[in-house]
Amino acid sequence: MTENASEGANTLSIRDNRTGRDYEVDILDGDVIRAMDLRQIKVNEDDFGMMTYDPGYTNTASTRSTITYIDGGKGILRYRGYPIDQLAEHSSHLEVAYLLLNGELPTRSEFDDFVHEVTFHTYVHENIKELFSGFRYDAHAMGMVMSGVAALSSFYPEAKSVDDPDARSQQIIRLIAKMPTLAAYAYRHHRGLPYVYPENELGYTANFLNMLFSVGSREYNPNPVLEKALDILFILHADHEQNCSATTMRVIGSANADPYSALAGAMGALYGPLHGGANEAVLRMLTRIGSVENIPAFMEGVKRREERLMGFGHRVYKAYDPRASIIKRTADEVFEVTGRNPLLDIALELERIALNEDFFVERNLYPNVDFYSGLIYQAMGFPVEMFPVLFAIPRTVGWLAQWEELLNDPEQRIARPRQVFEGASERDFVLMDDRT
Ligand code: CMC
């Protein structure tokens, strides 16, 4: 930043009316200025200097990234340049995982190596079973898996070497491989069923379904339509740039914590009902509404701001979430196999009203990724407590891609926002007996 600089092509001029001083700051690519360029705007030499106030980071870029591109106005989502609908149609979750982590689609041999690596790291240490046995029978699956992920950091102390690229890729493979195993164990614990070990002959999604649903020695053959549908859902959930949980992953990662600890924190963020916990909240909401006749009264409650229409609205999308349209199509295919989820009629009517009523139209409230996904999960036999876990499994890839990018970015430093302090100024301590 230069004070009183002459007019330039790619700069922003700022006049501080308190002092009458003019400043000129560089505009970086994409309508961005550096927040630190504002620091030298001050009234007195010993002032702290100007900063921005942005609760919820609604207008703050925390990183440069090459992973995921979203145009919220146009409803565009791309991973490494590839449109999400093309990936959902032609790719697989593990191929998308490779793409997100490495920046390019794999060749056949690169893909085979990657699949082999992931497949042979699916087992978790036997002691994880003991950890899980300490949970109550009705423990929420997300709490169990989050704890399992945090516990893994103690099994792999070398994960602390976050400056070592080889150690990092080892943990990335382990996490992608072990998440479905932890998730399936949590589900089996809830059901009181024995844990099923990973089956290395099966693909990523089929192995997950096998660990969840196989009973006894009977061979379990996942329905290919359901297996494909789950894989598509995994692709759609794999990354979504700097959302709440990715930011959490980066914030914890910026302190050089190991990836298991950072990922457990990211899972905590995802668990919230305004983020990935929304899929569970949508199902509970649809169940509570109960029937189409009850919708008008429910919507009146939303408009009176007594509650939110879960699965609607998004910080970035101000158009239809492209993932929601793909999920809606996938739901039709799943229901052909499982039978129609009776809650679908309520969901469709909610969407119809929301897309036509002023309250929702004025606020650009469209269905997001979580609105229809729960209906598919429920039709496939998942209890609602598993829904956020089904989000966390594929998002593990995105979190790790964001973490890897963070650690390779020389501009990144430990995350540490500022505050605008509005508390008491200095005052003297009063002994307890002297307080009124
Ligand atoms: N139902 C009713 N009103 C809403 C909703 C909703 N779902 N979402 C936003 N609004 C209203 C909100 O009251 C506000 O109105 P006003 O300007 O009159 O005060 C306006 O729309 C803007 O909302 P906001 O809360 O300032 O927007 P935000 O960007 O801070 O929040 C959100 C985004 C996703 C948290 C929010 O839309 C929401 O709570 N949606 C429901 C939960 C949900 O479905 N979350 C999943 C998000 S997508 C997947 C993911 O992130 O993991």
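This tour moves through a predicted model from its strands to its helices and then to several single residues.

**Stop 1: the hairpin of β2 and β3**

Select strand β2, residues 11-16, together with strand β3, residues 21-26. These two strands pair in the antiparallel sense, and six bridges join them. To see one bridge in detail, display S13 and look for its partner in β3, which is E24. Next, select the turn of this hairpin, where four residues lie between the strands. Within the hairpin, G20 takes a positive phi near 75°.

**Stop 2: the sheet β4-β5-β6**

Select the strands β4, β5 and β6. In what order do the three strands form their open sheet? The order is β4-β5-β6, and the pairing is antiparallel. The edge strands are β4, at 68-71, and β6, at 82-83, since each pairs on one side only.

Now keep β4 and β5 in view, the latter covering residues 76-79. Four bridges connect β4 with β5 in the antiparallel sense. Two opposing pairs may be displayed here: T68 faces Y79 of β5, and I70 stands opposite L77 of β5. The two strands form a hairpin with four residues between them. In its turn, select G75, whose phi is positive at about 70°.

**Stop 3: two residues with positive phi that are not glycines**

Move to the loop between β5 and β6 and select R80. Although R80 is not a glycine, its phi is positive, at about 50°. Then go to the loop between β3 and β4, where Y57 is found. Y57 also is not a glycine, and it has a positive phi of about 50°.

**Stop 4: R34 in the loop between β3 and β4**

Remain in the loop between β3 and β4 and select R34. This residue is partly exposed, with a relative accessible area of 35%. Which residues does R34 contact, leaving aside its neighbours within four places in sequence? They are L28, R64 and E411. A distance may also be displayed here: the C-alpha atoms of R34 and A61 are separated by 9.4 Å, while the two residues are 27 residues apart along the chain.

**Stop 5: helices α2 and α17**

Select helix α2, residues 93-102, and add helix α17, which spans 387-407. Their axes come within 9 Å and cross at roughly 10°. Angles under 35 degrees count as roughly parallel, and therefore α2 is described as roughly parallel to α17. To view the contact, show H93, A97, L100 and L101 on α2, and P394, V397, L400 and A401 on α17. By class, the residues of this contact comprise seven nonpolar, one polar and no charged.

**Stop 6: helices α11 and α14**

Select helix α11, residues 278-289, and helix α14, residues 344-354. The axes of α11 and α14 come within 10 Å and cross at roughly 100°. Because angles of 65 to 115 degrees count as roughly perpendicular, α11 is roughly perpendicular to α14. The side of α11 in this contact is supplied by M285, L286 and I289, and that of α14 by I346, A347 and L350. The contact has six nonpolar residues, with no polar and no charged ones.

**Stop 7: helix α9 and its cover**

Select helix α9, residues 244-253. Are S245, A246, T247, M249, R250 and G253 buried or exposed? These residues of α9 are buried. Add α10, at 259-271, and α17 to the view, for both are included in what covers them.

**Stop 8: the largest nonpolar core**

Select I176, M267, M285, L286, L309, L350 and F382. Of the 118 residues in the largest nonpolar core, these touch the most other members. M285, L286 and L350 already appeared in the contact of α11 with α14. Centre the view on F382 and display the residues it touches, not counting those up to four places away in sequence: L209, L212, F213, Y377, F387 and L390.

**Stop 9: F421**

Finally, follow the chain into the segment after α17 and select F421. F421 is exposed, with a relative accessible area of 56%. How far apart are F421 and M310 in space, C-alpha to C-alpha? They are 34 Å apart, and 111 residues apart in sequence.

Definitions and conventions
Residues numbered from 1 in each chain as written. Predicted model: local features only at pLDDT ≥ 70, side-chain atom pairs only at ≥ 80, totals over all residues. Heavy atoms only, no water. Core = buried A, V, L, I, M, F, W, Y, C linked by side-chain atoms within 4.5 Å. Buried < 20%, exposed > 50% of the residue type's maximum accessible area, 1.4 Å probe, protein only. Contact = heavy atoms within 4.5 Å. Axes fitted to C-alpha atoms, helices over the stretch in contact; angles between N-to-C directions. Parallel < 35°, antiparallel > 145°, perpendicular 65-115°, else oblique. Nonpolar A, V, L, I, M, F, W, Y, C, P; charged D, E, K, R; others polar. Pairing = 2+ DSSP bridges.
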